[in-house]
Amino acid sequence: PEEYKKESTIHGEVELSFDVNKLGEPINISVKKSLCEACDKEAIRLLQEGPKWKRKARKGKGTVTIRF
């Protein structure tokens with residue numbers, strides 16, 4: 001995010017948890033580990049705009065960590 005570029009001293013990770021629907025899209029996204037509000041929003045945007053996911057078994061749950 002633009003705010004992040006200005007404050008280059010911030011480094012860390014955002015961890016997201018989500019479900020995968022039948023179309024392979026992430027839904028019910030929640031932030032498990034937050035860095036800052038702008039980074040959280042950017043991580044969610046990246047997850048939503050990324051490639052489709054493959055569901056494993058019937059649960060279709062996933063987690064992802066995005067580093068800034």
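Asn21 touches Ile27 and Arg55, once residues up to four places away in sequence are set aside. In this predicted model, Asn21 is found in the loop between strand 1 (13-20) and strand 2 (26-33). Is Asn21 buried or exposed? Asn21 counts as buried, because its relative accessibility is 17% and the cut-off for burial is under 20%. Its side chain also has a partner close by in sequence: it reaches the backbone nitrogen of Glu25 at 2.8 Å. Look further along the chain and you will find Gly60, 39 residues away from Asn21 in sequence, with 7.0 Å between the two C-alpha atoms.

From Gly60 you can step on to Lys61, which is found in strand 3 (residues 61-67). The C-alpha atoms of Lys61 and Asn21 are separated by 9.1 Å, although the two residues are 40 apart along the chain. Lys61 counts as exposed, because its relative accessible area is 63% and exposed means over 50%. Which residues does Lys61 touch, not counting those up to four places away in sequence? They are Phe18 and Asp19. With Asp19 there is a polar contact as well, joining the two side chains at 3.5 Å.

Now let's step back to the whole chain. Its secondary structure comes to 2 helices and 3 strands, and from the N terminus on these elements run α-β-β-α-β. Of the contacts between residues at least 6 apart in sequence, 58% join residues at least 24 apart. Buried residues make up 28% of the 68 residues. The chain exposes about 5200 Å², and carbon and sulfur atoms supply 51% of that area.

Next, follow the nonpolar side chains inward. In soluble globular proteins, nonpolar side chains tend to be buried together. Here the largest nonpolar core has 9 residues: Val14, Leu16, Phe18, Val20, Cys39, Ala43, Leu47, Ile66 and Phe68. Two elements, strand 1 and helix 2 (37-49), give two or more residues to this core. Strand 1 gives the most, with 4 residues. Phe18, a member of this core, is also one of the residues that Lys61 touches.

Val14 is a good place to end the tour. Leaving aside neighbours within four places in sequence, Val14 is in contact with several other members of the core, including Cys39, Ala43, Ile66 and Phe68. Its contacts also include Val31, Lys33, Leu35, Asp40, Val64 and Thr65.

Notes:
Residues are numbered from 1 along each chain as its sequence is written. This is a predicted model: local features need pLDDT of at least 70, side-chain atom pairs count only at pLDDT 80 or more; totals for chains, interfaces and linings use all residues. Side-chain values use heavy atoms; hydrogens and water are left out. Buried means under 20% relative accessible area, exposed over 50%, partly exposed in between (1.4 Å probe, protein chains only). Contact means heavy atoms within 4.5 Å. A polar contact is a pair of N or O atoms within 3.5 Å; within protein, one must be able to donate a hydrogen and the other to accept it, and residues adjacent in sequence count only if both atoms are side-chain atoms. Accessible areas come from the Shrake-Rupley method with a 1.4 Å probe; for residues, only the protein chains shown count as cover. A nonpolar core is a set of buried Ala, Val, Leu, Ile, Met, Phe, Trp, Tyr and Cys residues joined through side-chain atoms within 4.5 Å.
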